[in-house]
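Got your viewer open? Load the model, colour it by chain, and let's take a walk through it.

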Amino acid sequence: MPPRRVQGSTGGRITYSEEGRGLEDRSLVESIACPDCDLLQQVPSLMPGGKAACARCGRVIAKELGGARDRALPLAITAAVTLLVANTFPLMELHVVGRFASTTIAGGAYEMWAQGQRLTSVLVAFCALIAPVGYLSFVITLLLAARRAAMPGWCGEMLRWLGHLEVWSMLEVVMLGILVALVKIAQLATVDPGIGMYAFGATILLIPAIAVNLDRREMWRRVKWMDPEIPANPAADMAAPGK
Amino acid sequence: MMNPLRTARNSGLVACEVCRLVSRVASAEEAGFCRRCGEQLEVRRHASIEVTWSLLIAAAICYVPANLLPVLDTTTPQGTEGDTILGGVIFLYTSGSWPLALVVLIASVMIPLGKLISLAYLLISVQRGSAKGNRERTRLYRMVAFIGRWSMLDVFVDTFTVALVQLSPLMSVEPGFGVLFFAAVVVLTMLAAESFDPRLIWDGAESHEFSHG
């Protein structure tokens with residue numbers, strides 16, 4: 001059967017097959033195809049703190065956070081504060097024969113630009129500053145929006161970007177890079193970690209803690225669909241893990 | 001014939017790569033768009049093997065100047081001296097901080113090289129339709145995808161060294177062109193890992209099971 005074209009809020013660019021409607025669709029919503037091996041499975045309801053791994057390749061495909069979900073917002077707000085401090089106060093200070101120099105993350109990227117390595121500078125600015133700031137502000141916005149039962153469509157757009165920002169936000173690598181630079185320069189001059197460094201250290205501990213307590217699957221479940229037609233019949237049993 | 005294992009593909013379904021919603025699609029070639037998030041649906045990432053190979057080869061080419069060109073140029077009243085990545089590792093080692101030398105060696109030399117080799121191995125094994133060690137190969141892929149970001153280490157080391165050591169005429173450090181190529185290696189291998197579709201590893205096993213089922 002040829003795909004049907006739907007005219008709607010998305011300008012009719014959504015196509016899907018007619019036969020998928022109805023009987024099977026609702027249980028499809030709850031089934032998971034493993035992102036790594038494509039095995040189709042239905043995840044049983046999990047205990048709080050429980051995880052489900054793919055039966056074939058072992059990838060974690062679902063987790064149940066339970067009450068831990070409530071930790072994400074306070075953690076994210078704390079991380080936003082520490083990140084702000086880490087970016088406004090000097091990360092390290094250098095003293096040599098009466099001269100003094102200090103730097104921040106933005107200062108590092110700026111110096112690379114000033115020295116002619118513009119592409120590298122943009123990359124550093126993105127991975128060390130723009131992506132982490134974007135990631136945290138998206139997480140906070142999403143968590144605030146998630147306090148309501150239904151999440152509007154723009155939350156879906158944010159969730160989509162969240163994945164990309166997470167990959168390119170490299171604060172922990174930046175931290176190690178700064179430490180190595182400190183040791184290298186310490187051979188030539190006296191270097192002291194600044195206030196920014198301690199705030200930075202706190203931020204890189206908070207970010208994985210946020211990621212662990214962030215339930216994206218639950219958010220996707222509540223996001224308003226782009227194609228709002230909800231399938232009619234919520235019955236039926238779809239994908240049982242194979243045999 | 002018994003259906004061995006139910007995958008999304010052999011059930012006529014496609015999982016959205018963004019929101020993970022599983023949808024029934026009319027045809028595998030033109031799967032349409034995800035009804036929840038609007039993402040274009042694909043049974044397998046489009047031209048995954050070709051795109052991954054191209055990015056990988058580009059990264060391998062950049063790997064050579066990344067290691068041969070200086071990443072830092074140090075100017076003192078005695079003159080200018082260039083430092084390559086390995087030179088930086090040796091400097092850390094001789095100045096007594098061998099643990100850091102090891103960290104930089106692993107992050108800047110071994111991880112990029114390991115990524116190039118691992119991805120090439122995964123691509124070749126998929127192209128040959130291998131059905132062996134699927135779990136291990138998937139685990140290798142996950143490791144490559146997870147660990148890749150750490151090779152950015154040297155780019156950040158150079159950035160903050162340059163930012164701090166600007167004490168001319170006493171001593172100043174400028175970034176060399178090696179940094180640009182090195183950053184290119186990291187970005188290209190990260191993109192290559194993202195464009196590789198791990199489900200292809202398991203497709204080999206499936207066609208195997210079908211042909212022998």
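What follows is a series of selections, starting with chain A, crossing the contact and ending in chain B.

Before clicking on anything, keep in mind that this is a predicted model.

**Stop 1: chain A overall.** Select chain A and switch to cartoon. You'll be looking at 8 helices and 9 strands. Colour by burial and 37% of its 243 residues come up as buried. If you like contact maps, take the contacts in chain A between residues at least 6 apart in sequence: 64% of these join residues at least 24 apart.

**Stop 2: Leu136(A).** Now pick helix 4 of chain A, residues 118-145, and find Leu136(A) in it. Is Leu136(A) buried or exposed? Leu136(A) has 23 other C-beta atoms within 10 Å, and the cut-off for buried is 20 or more, so Leu136(A) counts as buried. Show what surrounds it: leaving out neighbours within four places in sequence, Leu136(A) is in contact with Ala76(A), Ala79(A), Ala80(A) and Leu83(A). Then draw a C-alpha to C-alpha distance to Ile207(A): these two residues sit 71 apart in sequence but 8.4 Å apart in space.

**Stop 3: a hairpin in chain A.** Select residues 92-96 (strand 7) and 99-103 (strand 8) of chain A, which pair antiparallel over 5 bridges. At one of the pairings, Met92(A) stands opposite Thr103(A) of strand 8. Zoom in on the turn, where 2 residues lie between the strands. Check the backbone torsions there: Val97(A) takes a positive phi near 30 degrees.

**Stop 4: where the chains meet.** Bring chain B back into view. The contact takes 67 residues from chain A and 56 residues from chain B. On the chain A side, which element gives the largest share? That's helix 6 of chain A, residues 171-186, with 10 residues. Colour the chain A side by residue type and you get 39 nonpolar, 16 polar and 12 charged.

**Stop 5: chain B by domain.** Hide chain A. Colour chain B by its domain assignment: domain 1 covers 1-43 and domain 2 covers 47-212. Over C-alpha atoms, the centres of these two domains of chain B are 33 Å apart.

**Stop 6: the sheet in chain B.** Next, pick out the open sheet of 4 strands, which runs in the order 4-3-6-5 with antiparallel pairing. Strand 4 (79-83) and strand 5 (166-167) of chain B each have a single partner strand, so one side of each has no neighbour in the sheet. Follow strand 3 (residues 72-76) of chain B along strand 4: 5 bridges join these antiparallel strands. Thr75(B) stands opposite Thr80(B) here.

**Stop 7: helix 4 of chain B.** Select residues 134-147, a helix of 14 residues that reaches 20 Å from first C-alpha to last, close to the 20 Å expected. Show sticks for its buried residues: Asn134(B), Arg137(B), Thr138(B), Tyr141(B) and Val144(B). Look down the axis, and these cover an arc of only 120 degrees, so they lie on the same side of the helix. The face turned away from that buried side carries the exposed residues Glu136(B) and Phe146(B).

**Last stop: Ser195(B).** Go to helix 6 of chain B, residues 177-195, and select Ser195(B). Ser195(B) is buried, with 20 other C-beta atoms within 10 Å. Not counting residues up to four places away in sequence, Ser195(B) touches Arg45(B), Ser48(B), Val51(B), Thr52(B) and Leu55(B). Of those, try a distance to Arg45(B): 7.2 Å in space, C-alpha to C-alpha, against 150 residues in sequence.

Notes:
Residues numbered from 1 in each chain as written. Chains lettered and ligands numbered in written order. Predicted model: local features only at pLDDT ≥ 70, side-chain atom pairs only at ≥ 80, totals over all residues. Domains from an automatic or database assignment. Pairing = 2+ DSSP bridges. Contact = placed C-beta atoms within 7 Å. Nonpolar A, V, L, I, M, F, W, Y, C, P; charged D, E, K, R; others polar. Expected span 1.5 Å × (residues − 1). Buried ≥ 20, exposed ≤ 12 C-beta atoms within 10 Å, placed from the backbone. Arc of directions from axis to C-beta.
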